[in-house]
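Here are some short exercises to work through with the model open. Try each task before you read its solution.

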Amino acid sequence: MELLRVQESATEYYGFDHEYQLSIVETRTGICRDLGELRDQLGALRASLDRAAAASALTVMAAGTMPTTGWRDLPITPKARYADILEHYQDVVQRRATCGCHVHVGIEDRELAVQVLNRVGPWLPVLLALSSSSPFYEGAYTGYQSYRTMLWSGFPVAGPPPIHASHQEYADRIRLLMDSGTILDTGHIYWDARLGTRSRTLEFRVADVCPTIDDTILQAALSRALVATCIEEIAHDRPPLLALPGLARAAMWRAARSGLDGLLIDPATAEAIPALAMVDRLLTHVRDALEQAGDWKEVLDLVERVRHRGTSARRQRETLARSGHLAAVVDHLSAETTQTSS
């Protein structure tokens, strides 16, 4: 799991931490104010983790799911909080042997953060499709490009975030979920995007972990540009582009099912269009913000690479088709994870 802090008003978080399964390591960048700094930190973190793993005759790989290992084979990290989580969610959390890419974008004003959250929803399926890296689970092809998304759908608070009229309404909803015993704490708000629970950020949680640093950088750049675009819209009283009722979850399912290899649903218009055309719509939407940040050319280059080589999910499927063995897919993912340059 990777947490990327593009910008925020909190202390540095750079380093590593435990996750629910002992086999999963959370990597966390510090506060990054440009994509070059983010790239350097990601490369250093992955190289450090790779060295530590090699010293114990292990290897590391970044992907939404592990292609071969079944969830029953993964021991839980011995921590009281994880024991409580297991007791509460049972098999739903046991089966969730997954890794996500979380991008934090700093927004000091919580009221503004809620309004931005309301506006990013229609574009979350595109971020998911670009990141899709979990087509295999328990040694089999699932038919999905992001099966991690499907595994997370079993939690009571997951999927597209609801619309909230204010920060108070957002906080009241979370308090209601806690008081009702539905979730144990604020960390169990598993929406595809949410307000940061420990810092004043908007947290994008929709993406699979990306094997390549390039694809990870793309997630961070687009997430930051989306936030900047929404803030500009709010400042000029432009109406939000909202998903039509009932389509937000359907659009997310479509993205998880097909990645970039089929159609995506534009949740604001109900159109089913080629996935790469939907990517182009997102680029048009955030172009001004990308240009102001100096990221436009780099993002275009990164998107072009995705067009040429496909998502991680496609590359994994192609590796299996060539080799006939899932072990080759694991080797492929490990090689992409530890490659620090394009």
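**Exercise 1.** Find out how strands β2 and β3 run relative to each other, parallel or antiparallel.

*Solution.* Start with the pairing: β2 (residues 15–18) and β3 run antiparallel, joined by 4 bridges. Strands here are DSSP E runs of at least two residues, helices are H or I runs of at least four, and both are numbered from the N terminus; strands pair if DSSP finds at least two bridges between them. Next, pick out one bridge: H18 has V25 as its partner in β3. Then trace the connection, a hairpin that gets from β2 to β3 through 6 residues.

A word on ground rules: this is a predicted model, where local features need pLDDT of at least 70 and side-chain atom pairs count only at pLDDT 80 or more, while totals for chains, interfaces and linings use all residues. Residues are numbered from 1 along each chain as its sequence is written, and side-chain values use heavy atoms, with hydrogens and water left out.

**Exercise 2.** Work out why β3 counts as largely enclosed.

*Solution.* Check burial along residues 25–31: 6 of the 7 are buried, so the rest of the structure largely encloses β3. Buried means under 20% relative accessible area, exposed over 50%, and partly exposed in between (1.4 Å probe, protein chains only).

**Exercise 3.** Sort out which residues of helix α7 (residues 167–179) are buried and which are exposed.

*Solution.* First, the buried ones are Y170, I174 and L177. They span an arc of only 60 degrees around the axis (taken from directions from the helix axis to the C-beta atoms), which puts them on the same side of α7. Now flip to the other side, where L176 and D179 are exposed.

Methods. Expected span 1.5 Å × (residues − 1).
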